[in-house]
Amino acid sequence: MDIIFGRNKKEQLEPVWAKVTGEIPTWLQGTLLRNGPGMHTVGETRYNHWFDGLALLHSFTIRDGEVYYRSKYLRSDTYKDNIEANRIVVSEFGTMAYPDPCKNIFSKAFSYLSHTIPDFTDNCLINIMKCGEDFYATTETNYIRKINPHTLETLEKVDYRKFVAVNLATAHPHYDEAGNVLNMGTSIMDKGKTKYVIFKIPATVPEDKKEKNPLKHTEVFCSITSRSLLSPSYYHSFGVTENYVIFLEQPFKLDILKMSTAYIRGVNWASCMAFHKEDKTYIHIIDQRTRKPVPTKFYTDPMVVFHHVNAYEEDGCLFFDVIAYEDSSLYQLFYLANLNQDFEENSRLTSIPTLRRFAVPLNVDKNAEVGSNLIKLASTTARALKEKDDQVYCQPELLYEGLELPRINYAHNGKRYRYIFAAEVQWSPIPTKILKYDVLTKSSLKWGQEHCWPAEPLFVPTPGAKDEDDGIILSAIVSTDPQKLPFLLILDAKSFTELARASIDVEMHLDLHGLFIPDSVWCFFTTIPTFSHHEPPLTPSLSPGNHHF
């Protein structure tokens, strides 16, 4: 298990040629860019949590049927400070760091005050965001780092707070057809209020504007006051449709008072989060046309949601699909102390991730009887029960148990859709298979292989495709078998049969999220990068194996 989680991974600064078995579609030309934790120890110090590891970017460039791989650590201020000190000196969410243990009592008091609302890390290890013509590594703090997606070079550090008042922000923004970015973050105790702020970054800047950086034209789209000044909800993503934004204020909360004393108490910020099983999950629906929440108060049972899948409008209803848990046990399992050789046997989720579909009526009949179901559609068993005081209690339809890291054909984002591509997980958070789930027929196709752990599957459409699932699936596969090389898996998205794999003789890390950049997007660089074979072909004895359904 240490091979997967605990061991620091080496950078591969120069492109490595991969051994391709099978045949890559000729139209597939571009770069799969991924992000995730790659370094878990610095000197004699060790991070407590796998999600704290230093960000390691890696890319798979696909060109004319060949694949080249490279990786590079994000040169964040966090990375540079830690490496220079040869110890962890910047705190992460699960690891509190103390830069200078020899400081006197006055310095310690000052440090305590400065950590009340801390200056968070710029270790952007979760995802990649496209903003205008630029690409950024992102995390859940107020910092993002601009990168060169070709060389993986780290460029400038960007503080969201210079453009919008947020201390935290999601690593899962949405994009409209014009490329504008919609994201949201939490503003902690700003002017006496704690708010959830939805903000918009334009893809392009008008010619008459002197400042051409899209970030400098960020605007607040809408803000929602937190139900608690000192205990805002944690959230990892949100949903959008053509006319609405969906935000779940869930009872998985960050205690600001505990956070303000965490540093002096010697505990991490993660310990300041708690799931309040007695509370409700509030469903906020924001009308994009008015930029205001709809007045009806919707809620559901307590749950924890990390990933929204998709949302759409139909027949006067708003549908949204999420991966939901009954508690917050997922985060606890990824403390490095738990990630040992007995992880698969001993680590069990107390709540299995479940695909749930919610249906929210957009026009609530005020004359409807209390207790009546406001959803009249035969296409779903989801219910919305009218209660007193104009509140509506939403009961979801359970679609599937045991999946995470969902992706869709993004051309269908915010629209009616049919297919979800995800990693299959059961009572353990170990991803064992890649899953294609059909929300219409409730059927699924799967790919899996012994000892293989697939990363988030990413859909790339065939040029000119008309069918939603006409394209390929890309997933970076690592193995618990040290004799089996990691590889990039290429599946036919329709049949879920393996088209090709590109095996790479490197120690690849398990990543989190990323995106595919078609070659046509490279136009803002001077030239499309070209490669030559830097490595000999891998040993022919390696077998691609068989796919399983």
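Leaving aside its neighbours within four places in sequence, with which residues is Asp190 in contact? Asp190 is in contact with Ala165 and Lys195, where contact means heavy atoms within 4.5 Å. Asp190 belongs to strand β14 (residues 181–190), and the C-alpha atoms of Asp190 and Ala165 are 7.8 Å apart in space, although 25 residues separate them in sequence. With a relative accessibility of 27%, Asp190 counts as partly exposed; on this scale buried means under 20% relative accessible area, exposed means over 50%, and partly exposed lies in between (1.4 Å probe, protein chains only).

This is a predicted model, in which local features need pLDDT of at least 70 and side-chain atom pairs count only at pLDDT 80 or more, while totals for chains, interfaces and linings use all residues. Residues are numbered from 1 along each chain as its sequence is written, and side-chain values use heavy atoms, with hydrogens and water left out.

**The chain as a whole**

The secondary structure of the chain comes to 5 helices and 39 strands, where helices (H or I, at least four residues) and strands (E, at least two) are DSSP runs numbered from the N terminus. Of the 549 residues of the chain, 57% count as buried. Among the contacts in the chain with a separation of 6 or more, 63% are between residues 24 or more positions apart.

**Two open sheets**

One open sheet has 5 strands in the order β1-β7-β6-β3-β39, with antiparallel pairing; two strands are said to pair if DSSP finds at least two bridges between them. The edge strands of this sheet are β1 (12–17) and β39 (513–518), each of which pairs on one side only, and the twist averages 20° from one strand to the next. Strand β1 is joined to strand β7 (residues 66–73) by 3 bridges, and Trp17 stands opposite Tyr68 in β7. Helix α1 (residues 77–85) lies across β3 (30–39), β6 and β7, and runs at about 120° to β6; axes are lines fitted to C-alpha atoms, for helices over the stretch in contact, and angles run from 0 to 180 degrees between N-to-C directions.

Another open sheet has 4 strands in the order β30-β31-β32-β33, also with antiparallel pairing. Its edges are β30 (403–407) and β33 (443–448), and because each has a single partner strand, one side of each is left without a neighbour in the sheet. The twist in this sheet averages 30° from one strand to the next. In the pairing of β30 with strand β31 (residues 419–424), which has 3 bridges, Leu403 stands opposite Glu424.

**Strand β36 and its partners**

In strand β36 (residues 471–479), 9 of the 9 residues are buried, so the strand is largely enclosed by the rest of the structure. The table lists antiparallel pairings of β36.

| Partner of β36 | Bridges | Opposite residues |
|---|---|---|
| β34 (residues 452–454) | 3 bridges | Pro454 and Ile477 |
| β35 (residues 458–461) | 4 bridges | Leu458 and Leu474 |
| β37 (residues 487–492) | 6 bridges | Ile490 and Leu474 |

**Nonpolar cores**

The largest nonpolar core has 76 residues, of which Leu28, Phe60, Val67, Leu474 and Leu488 touch the most other members; such a core is a set of buried Ala, Val, Leu, Ile, Met, Phe, Trp, Tyr and Cys residues joined through side-chain atoms within 4.5 Å. Its largest share, 6 residues, comes from strand β6 (residues 54–63). Leaving aside neighbours within four places in sequence, Leu28 is in contact with Ile62, Val460, Ile472, Leu474, Ile490 and Phe516. Apart from this core lies another, of 39 residues, among them Val305, Leu318, Val322 and Ala359. In soluble globular proteins, nonpolar side chains tend to be buried together.

**Individual residues**

Arg145, in strand β10 (residues 143–147), counts as buried at 5% relative accessibility. A polar atom of the Arg145 side chain lies 2.9 Å from the backbone oxygen of Leu155. Glu369, by contrast, is exposed, with a relative accessible area of 63%, and its place is in the loop between β26 (354–361) and β27 (383–386). Glu369 and Lys388 are 19 residues apart in sequence, and their C-alpha atoms are 9.4 Å apart in space.

Two cysteines can be added here: Cys272 counts as buried at 2% relative accessibility, and Cys452 is buried at 4%. The structure holds 0 disulfides, a disulfide being a pair of cysteine sulfur atoms within 2.5 Å.

Conventions: Polar contact = N/O pair within 3.5 Å; in protein donor to acceptor, adjacent residues only side chain to side chain.
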